[in-house]
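Trainee: Please take a close look at one part for me, the nonpolar core. Show me how the rest of the chain relates to that part.

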Amino acid sequence: QKELEAILTKIADNVRRQRTIKNMTQLRLAVEMGHKTAGLVSFAEAGINNKHFNIEHLATIAKILDIPIEVLFEGVDQILKKSD
């Protein structure tokens with residue numbers, strides 16, 4: 001469970017970092033993803049209410065930000081190796 005939380009946090013941090021690099025607000029990203037408010041993005045980036053990005057979200061985010069999806073998974077391998 002702790003490992004999964006660490007992975008979800010790392011992915012959320014990667015989304016936040018890439019979104020910031022592209023000078024995109026949470027609201028703009030959420031709207032481009034098809035949402036009316038920034039709720040999903042803000043909650044998922046902060047891990048609030050057990051909200052997280054799913055694979056469909058991540059594929060859409062990668063497309064919107066024009067980045068390879070693997071960028072959103074950077075650092076996840078290190079978390080997995082620590083648990084071995």
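Mentor: The protein chain has 5 helices and 0 strands. From the N terminus on, the elements run α-α-α-α-α. Keep in mind that this is a predicted model.

Start with the overall form. The C-alpha trace spans about 40 × 30 × 20 Å along its principal axes. The radius of gyration is 13 Å, and a compact globule with 84 residues would have one near 12 Å, so the two agree. Of the 84 residues, 31% count as buried. Look also at contacts between residues at least 6 apart in sequence: 56% of them join residues at least 24 apart.

Now the core. In soluble globular proteins, nonpolar side chains tend to be buried together. Here the largest nonpolar core has 21 residues. Val15, Leu29, Phe53, Ile61 and Leu72 are those with the most contacts inside this core. Which helices supply at least two residues each? They are H1 (2-21), H2 (26-32), H3 (39-46), H4 (55-65) and H5 (76-82).

Zoom in on Leu72, one of the core residues with the most contacts. Set aside its neighbours within four places in sequence. Leu72 is then in contact with Ile11, Asn14, Val15 and Gln18, among others. Leu58, Ile61, Ala62 and Ile67 are also in contact with Leu72. Val15 and Ile61 appear here again, and both are among the core residues with the most contacts.

Next, move to Arg19. This residue is found in helix H1. Is Arg19 buried or exposed? Its relative accessible area is 9%, under the 20% cut-off, so Arg19 is buried. Who touches Arg19, not counting residues up to four places away in sequence? Met24, Thr25, Gln26 and Leu29 do, and so do Val41, Glu45 and Leu65. Pick out Leu29 in that list: Leu29 is one of the core residues with the most contacts.

Now go out to the loops. Asn23 is found in the loop between H1 and H2. At 67% relative accessibility, Asn23 is over the 50% cut-off and therefore counts as exposed. Asn23 and Leu65 are 42 residues apart in sequence, while their C-alpha atoms are 10.0 Å apart in space. Leu65 also touches Arg19.

The loop between H3 and H4 holds Asn49. Asn49 counts as exposed, because its relative accessibility is 57% and the cut-off is over 50%. Check the backbone too: Asn49 has a positive phi of about 55 degrees although it is not a glycine.

Asp66 is in the loop between H4 and H5. Its relative accessible area is 65%, so Asp66 is exposed. Asp66 also has a positive phi of about 55 degrees, and it is not a glycine. From Asp66 to Ala38 there are 28 residues in sequence and 20 Å in space, C-alpha to C-alpha.

Finish with the surface. The accessible surface of the protein chain comes to about 5,500 Å². Carbon and sulfur atoms account for 53% of that surface. The chain has 12 positive and 11 negative charges, and the mean positions of the two sets are 6 Å apart.

To put the close look in one view: five helices, H1 to H5, each supply at least two residues of the 21-residue core. Arg19 in helix H1 is buried. The loop residues Asn23, Asn49 and Asp66 are exposed.

Terms used:
Residues are numbered from 1 along each chain as its sequence is written. This is a predicted model: local features need pLDDT of at least 70, side-chain atom pairs count only at pLDDT 80 or more; totals for chains, interfaces and linings use all residues. Side-chain values use heavy atoms; hydrogens and water are left out. A nonpolar core is a set of buried Ala, Val, Leu, Ile, Met, Phe, Trp, Tyr and Cys residues joined through side-chain atoms within 4.5 Å. Buried means under 20% relative accessible area, exposed over 50%, partly exposed in between (1.4 Å probe, protein chains only). Helices (H or I, at least four residues) and strands (E, at least two) are DSSP runs, numbered from the N terminus. Contact means heavy atoms within 4.5 Å. The radius of gyration is taken over C-alpha atoms; the globule rule is 2.2 Å times the number of residues to the power 0.38. Accessible areas come from the Shrake-Rupley method with a 1.4 Å probe; for residues, only the protein chains shown count as cover. Lys and Arg count as positive and Asp and Glu as negative; His and the chain ends are not counted. The place of a charge is taken as NZ of Lys, CZ of Arg, CG of Asp or CD of Glu.
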